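Got the viewer open? Here's a walk through the model, one selection at a time.

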Amino acid sequence: IMSSGANDLSREVSSISTSSTPTNDIGRVVDDDDAEECVLAQGRICICSSCEQERKKLELSRKRKRAAKTSTAITASSSSPLSSDYCHEVGKPNSDDEKLDKMTSACKTILKCIGEDPAREGLLKTPERWAKALLFMTSGYSLSADQVLNDAVFTEDSHKEIVVVKNIDIHSMCEHHMLPFTGRIHVGYIPNGKIIGLSKIARIADVFARRLQVQERLTRQIADAIEEAVQPLGVGVVIESSHFCMVMRGVQKVGAQTVTSCVRGCFEKNQKTRAEFFNIINSRSR
């Protein structure tokens, strides 16, 4: 009798142990996470409020983990170096040697496209020369008016009349055809307690001329730079130039000249002051 009772007690304990320990389909004991995944996989989902709260917590936890992984991946990609397929990162240009190599290669391609042989004796160094010339003619992109001004602004309260620097040679490139336009620039201003070094006027003109340009914008940019540098009572800029996009191609008019002007302050408001400025720049030097 005692043996029979012991066997019954053993079976009862075994039954309780088995029912309290989750197992999978093949009888393997699994932890809570595995049990939850297994129940979900079998389609047996409890819809009581307690289980619903647990599911929401679990889903929120998973979302946070996915967001953390995504953030880590974005950070890693942003800190990695740019691919060589790109020319350069914005605001961080490649070294001069890298730019020169890429431009030289592009120039060779252009020579081939027009029917020339870059390996011909006369053209062996042409792509590199062409690339260097383009870099020089667009060197204004790497400069600013403040840089070339170099603090050459001086206090001078006694002079309140027009200061004119005229017949400054200017060479730029038309942004529409990348052909040059050349001519002269005349700059005049009336000081308002400050004067600018005369050579700096020519340097400011070169900063903006050595870019791909249209003459109208170039005229305005030079006037803006002078106005910002010394805050004059007035400033006037006139450019006269010949555009090779009208000379070598298109209408092919050799004698055509383009004249643009920009006047600010008293040059714009006072007709007599404006007339005096134009009379000075149009007079012949003796």
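Which helix is Ala-223 found in? Select it and you land in α8. One thing to keep in mind as you look around: this is a predicted model.

**The whole chain**

Zoom out for a moment before going further. The protein has eleven helices and seven strands, and 27% of its 286 residues count as buried. Among contacts with a separation of 6 or more, 64% are between residues 24 or more positions apart.

**Along α8**

Go back to Ala-223. Its relative accessible area is 0%, so it is buried. Show what surrounds Ala-223: leaving aside neighbours within four places in sequence, it is in contact with Val-235, Val-237 and Cys-262. Pick out Cys-262 from that set. It sits 39 residues from Ala-223 in sequence, yet the two C-alpha atoms are 6.8 Å apart. Cys-262 counts as buried as well, at 11% relative accessibility.

Next, select Thr-219, which is also found in helix α8. Is Thr-219 buried or exposed? It is buried, with a relative accessible area of 1%. Not counting residues up to four places away in sequence, Thr-219 touches Val-237, Ile-239, Thr-260, Ser-261 and Cys-262. Two of these names should ring a bell, as Val-237 and Cys-262 are in contact with Ala-223 too. For a distance check, draw a line from the C-alpha of Thr-219 to that of His-186: you should read 10.0 Å, for a pair 33 residues apart along the chain.

**α7 against α8**

Now colour residues 198–209 as α7 and residues 215–230 as α8. Their axes come within 10 Å and cross at roughly 140°, and the two helices are therefore oblique to each other. The handedness of the crossing is right-handed.

Which residues of α7 meet α8? Show Ile-201, Ile-204, Ala-205, Phe-208 and Ala-209 as sticks on the α7 side, and Leu-218, Gln-221, Ile-222, Ala-225 and Ile-226 on the α8 side. Sorted by class, that contact has nine nonpolar residues, one polar and no charged ones.

**The loop leading into α8**

Step to Val-214, in the loop between β5 (212–213) and α8. Although it's in a loop, Val-214 counts as buried, at 17% relative accessibility. Setting aside residues up to four places away in sequence, Val-214 touches Glu-175 and His-176. Add Met-173 to the selection: its C-alpha lies 8.0 Å from that of Val-214, and the two are 41 residues apart along the chain.

**The loop leaving α8**

Follow the chain to Gln-231, in the loop between α8 and β6 (234–243). Check its backbone here: phi is near 45°, a positive value in a residue other than glycine. Gln-231 is partly exposed, with a relative accessible area of 40%.

For another residue of this kind, jump to Asn-150, in the loop between α6 (145–149) and β1 (153–156). What is phi of Asn-150 near? The value is 50°, again positive in a residue other than glycine. Asn-150 is exposed, with a relative accessible area of 56%.

**α4 against α5**

The next stop is another helix pair: select residues 96–113 for α4 and residues 126–137 for α5. These pack at an angle of about 120°, with their axes 8 Å apart, and that makes α4 oblique to α5. Here, too, the crossing is right-handed.

For the contact itself, turn on side chains for Leu-100, Met-103, Thr-104, Cys-107, Lys-108, Ile-110 and Leu-111 in α4. Across from them in α5, show Thr-126, Pro-127, Glu-128, Trp-130, Ala-131, Lys-132, Leu-134 and Leu-135. By class, this contact has ten nonpolar, two polar and three charged residues.

**Last stop: the cysteines**

How many disulfides does a search of the whole structure find? Zero. To look at one case, select Cys-245 and Cys-174. Cys-174 holds the closest cysteine sulfur to that of Cys-245, but at 4.2 Å the two are too far for a bond. Cys-245 is itself buried, with a relative accessible area of 12%.

Terms used. Residues numbered from 1 in each chain as written. Predicted model: local features only at pLDDT ≥ 70, side-chain atom pairs only at ≥ 80, totals over all residues. Heavy atoms only, no water. Axes fitted to C-alpha atoms, helices over the stretch in contact; angles between N-to-C directions. Helix = DSSP H or I, 4+ residues; strand = E, 2+ residues; numbered from the N terminus. Parallel < 35°, antiparallel > 145°, perpendicular 65-115°, else oblique. Left-handed = near helix turned anticlockwise from the far one by under 90°. Contact = heavy atoms within 4.5 Å. Nonpolar A, V, L, I, M, F, W, Y, C, P; charged D, E, K, R; others polar. Disulfide = S-S within 2.5 Å. Buried < 20%, exposed > 50% of the residue type's maximum accessible area, 1.4 Å probe, protein only.
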